[in-house]
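Me: I have a model open and want to learn how to read its features one at a time. Can you walk me through a few?

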Amino acid sequence: MTITRDLLHAPLAELLTSAAAVRDKHHGTRVTWSPKVFIPLTMLCQDRCGYCTFAQPPARLETPYLSPEQVIAIASAGAAAGCKEALFTLGERPELRYPVAQEWLDHHGYASTIDYLAAMCELVLAETGLLPHANAGALFSDELARLRGVSASQGMMLESLNADLECHRGSPDKVPERRLATLDAAGELGIPFTTGILVGIGESRQDRLDALEAIAVSHVRHGHLQEVIVQNFLPKAGTAMHTAPPCPADEFVWSIAAARMVLPPEVHLQAPPNLSEDFGRLLDAGIDDWGGVSPVTPDHVNPERPWPTVERLREVTEAKGFELAARLTIYPEFALTPAAWLDERVRFPVLDMSDAEGLARDTTWCPGADEDPPVLLPGPRAARGRVQEVLDGVLLGQEVGEDEIVTLFGARGREVSAVAEAADQLRRETVGDVVTWVSNRNINYTNVCTFKCKFCAFSKGPMSENLRGKPYLLTLEDIQDKVVEAVGLGATEVCLQGGIHPSFDGDYYIDVARAVKDVAPDIHIHGFTALEVTEGARRLDEPLRDYLTRLMDAGLRTLPGTAAEILDDEVRAVLCPDKVNTEQWLEAHRTAHSLGLRSNVTIMFGSIEQPRSWARHMLVTRALQKETGGFTEFVPLPFVHMEAPIYHRRMARRGPTFREALLMHAVGRIAYHGSIDNIQASWVKMGLPGMRQALQAGVNDLGGTLIDENISRAAGASHGQHMTAGDFAALVEGMGRPLEQRTTLYGRVAAVA
Ligand code: SF4
């Protein structure tokens with residue numbers, strides 16, 4: 001109560017400053033919006049609110065409800081335009097007022113408006129993938145529960161707790177107790193919920209504070225309020241309140257700032273951008289969200305006020321020093337804890353549209369897909385707040401820790417360029433402008449594997465022919481033929497890795513290495529993952545050190561860093577539970593390094609994990625590098641989802657977004673600065689236009705020519721099988737960076753003109 005009393009009397013400028021500070025502290029520089037379509041399922045309503053132009057009498061409507069075909073047509077247009085959310089707006093229980101509504105429902109086999117709404121949510125979800133947000137007013141528990149099964153979030157404006165407002169006469173659903181009961185029932189059911197207040201409909205400042213306090217109490221009780229909307233009243237022709245004065249701008253921003261101060265700080269605060277002339281000012285009052293903006297449908301509640309374009313929204317947001325990010329109807333905090341907040345039926349649709357932070361995927365690009373990525377680099381650069389603080393520290397030579405790495409992965413908009421620029425500066429200082437590549441051939445001797453990594457589309461059981469290709473096992477002679485062919489094509493390295501065949505004991509790998517050396521004594525053998533050598537030693541019951549020594553004697557020189565996936569055991573427990581764990585992976589490389597073998601660090605990212613796991617991966621490998629110095633490079637490997645079993649089982653995302661993929665290279669450069677000098681990008685996963693941008697984000701190595709690349713193609717990647725020196729030259733052309741062929745250990749082979 002003291003806070004609210006203080007708010008009533010605080011000078012506006014001070015209040016705005018305080019509110020903005022709370023927003024900055026808890027939400028940083030990110031301002032979100034939801035790309036959505038509005039589906040006005042019915043414009044009939046039993047209420048008679050004095051400010052409303054949405055509700056219409058039956059005579060003004062062709063039909064009481066949109067048909068399923070109309071609903072799908074609107075949603076499909078939205079999906080085609082990149083929308084993520086289908087916002088169902090509708091009048092409250094029209095069947096209680098209009099017989100024509102009840103007749104329509106009866107005729108079409110629906111028990112109520114809510115029954116029809118649930119059916120349409122389900123239809124839109126199934127047909128378009130858009131995530132329904134049901135905005136159906138004051139509901140009872142059973143209705144909320146029914147909608148929870150077919151929507152990603154729900155909402156209801158509390159509007160006001162003043163029971164005597166003239167504008168709510170004749171509106172049975174606007175009784176404050178009914179709305180508060182709905183708010184709490186949603187919390188009890190674990191529904192990510194949106195609510196809000198209307199400002200300027202006859203209520204006092206104290207009324208607004210009372211409503212905000214009630215919202216805060218409900219949130220403290222259930223933790224379910226993801227956002228609160230503060231909306232200003234504007235008079236509209238044809239309504240009872242058409243002569244009422246509009247909400248004064250100062251009163252509106254006071255209300256937003258008061259909301260920011262009263263609500264728990266984690267609750268997102270939204271104000272619509274289309275209802276204010278100077279909507280940038282709303283940012284000064286502490287909002288961190290613009291709400292839904294549709295590229296397809298008008299604001300049906302305020303049809304006379306068109307949405308700003310997304311470009312305009314970005315321009316205004318950036319002019320105030322913020323970065324705009326698209327979100328889903330469900331906010332990240334809720335999307336990332338789906339067991340608590342989402343019905344099982346809605347979890348995968350949410351995951352499928354999410355990026356690693358639980359925000360909306362920004363484009364349709366996926367790793368390995370035959371689609372050019374968005375152009376993020378070069379791009380406008382700006383950073384302040386936490387991202388800039390971390391970058392300042394980096395450029396002063398400070399080492400980044402887990403929180404700093406997570407912060408950098410959160411870069412959005414212009415911050416991405418800022419992170420990439422810092423990474424590229426470190427790249428220049430460390431290895432100069434030279435771009436390197438290695439001539440190599442992948443030889444995957446078998447795709448039969450006893451392990452069951454859930455992301456792996458490459459491995460087959462011995463009898464399996466269900467996924468791409470048949471089970472195979474190359475003979476030593478087959479392998480030798482491939483090696484000889486590779487040498488003939490100029491390869492200096494063969495990269496040997498494959499499934500863990502049930503018939504292999506550790507001697508198989510030694511035989512392979514010897515067979516390779518027999519036909520190509522000078523070739524560099526880069527082979528056998530931490531899993532293969534650990535498993536090989538285990539099957540022979542031989543200490544890993546002794547086993548690796550025998551492999552070295554047979555010709556092995558470096559180990560690939562694959563089988564690392566994500567070095568965070570919580571993630572591994574889901575992705576690859578029967579594989580080596582983090583410590584075993586590290587121990588294999590530690591032992592290898594101690595014997596003089598070299599290896600690299602890979603990370604397979606973008607399936608189920610979040611940036612904190614990426615940070616942990618970087619930190620444990622950096623710590624080992626400080627101990628041994630044995631890693632030659634860091635190789636980000638974006639998860640390719642298309643044929644991955646875990647994606648088909650509806651348990652994973654579609655790989656990283658391009659922003660995330662770029663940042664992985666840039667943040668890798670920053671995190672490993674001073675310990676791992678080379679950052680490699682994988683053309684198989686990133687595609688060539690993606691590689692050009694990666695080269696502006698700290699990358700100095702293009703990896704190998706990879707005659708035969710089976711593993712990514714098995715997962716669905718469509719980029720070619722082989723790069724030549726000429727292809728690499730074309731890739732860097734015009735970038736002003738010299739290209740050099742290297743050996744596996746970064747010695748130079750020859751300069752390419
Ligand atoms: S990732 Fe490797 S170990 Fe796992 S199933 Fe595939 S081939 Fe086997």
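Me: How many bridges join β15 to strand β16?

Reply: Some ground rules before the count. This is a predicted model, where local features need pLDDT of at least 70, side-chain atom pairs count only at pLDDT 80 or more, and totals for chains, interfaces and linings use all residues. Residues are numbered from 1 along each chain as its sequence is written, and side-chain values use heavy atoms, with hydrogens and water left out. Helices (H or I, at least four residues) and strands (E, at least two) are DSSP runs, numbered from the N terminus, and two strands pair if DSSP finds at least two bridges between them. Here, six bridges join β15 to β16 (residues 631–638), and the two run parallel. Within that pairing, Ser599 has Phe631 of β16 as its bridge partner.

Me: In what sense do strand β14 and β15 pair?

Reply: In the parallel sense, over two bridges, with β14 covering residues 556–559. Look at Ser599 of β15 again: Leu559 stands opposite Ser599.

Me: Why is β15 largely enclosed by the rest of the structure?

Reply: Buried means under 20% relative accessible area, exposed over 50%, and partly exposed in between (1.4 Å probe, protein chains only). Seven of the eight residues of β15 (residues 598–605) are buried, so the rest of the structure largely encloses this strand.

Me: Which hand does the β-α-β unit of β15, helix α24 and β16 have?

Reply: Point the strands away from you: if the path from the first strand over the helix to the second runs clockwise, the crossover is right-handed. The unit made by β15, α24 (residues 611–628) and β16 is right-handed.

Me: Now the empty spaces. How many cavities of 30 Å³ or more does a search of the whole structure find?

Reply: Rolling a probe the size of a water molecule over the atoms shows where empty space is left. On a 1 Å grid over the protein atoms alone, a cavity is a set of points where a 1.4 Å probe fits but cannot get out; a pocket is an open set with protein on both sides within 12 Å along at least five of seven lines; lining residues have an atom within 4 Å of a point. Grid points are joined across faces, edges and corners, and a volume is the space filled by probe spheres set on the points. The search finds two such cavities, and the second largest has a volume of about 30 Å³. Its lining includes Leu144, Gln154 and Phe193, and α6 (141–148) and β4 (153–155) each supply at least two lining residues.

Me: What about the second largest pocket: which residues lie nearest its centre?

Reply: His26, His27, Arg30, Glu357 and Gly410, out of 32 lining residues. That pocket holds about 1000 Å³ of space. For its chemistry, Ala, Val, Leu, Ile, Met, Phe, Trp, Tyr, Cys and Pro count as nonpolar, Asp, Glu, Lys and Arg as charged, and the others, Gly among them, as polar. The lining splits into nine nonpolar, 10 polar and 13 charged residues. Among the contributors is α24, with at least two residues.

Me: Last one, backbone angles. What is phi of Glu159?

Reply: Near 70°, a positive value in a residue other than glycine. Glu159 sits in the loop between β4 and α7 (176–188) and is buried at 8% relative accessible area. Tyr746 also has phi near 70°, and lies in the loop between β19 (739–742) and β20 (748–751). For a cis peptide bond, go to Leu377 to Pro378, where omega is near -5°.
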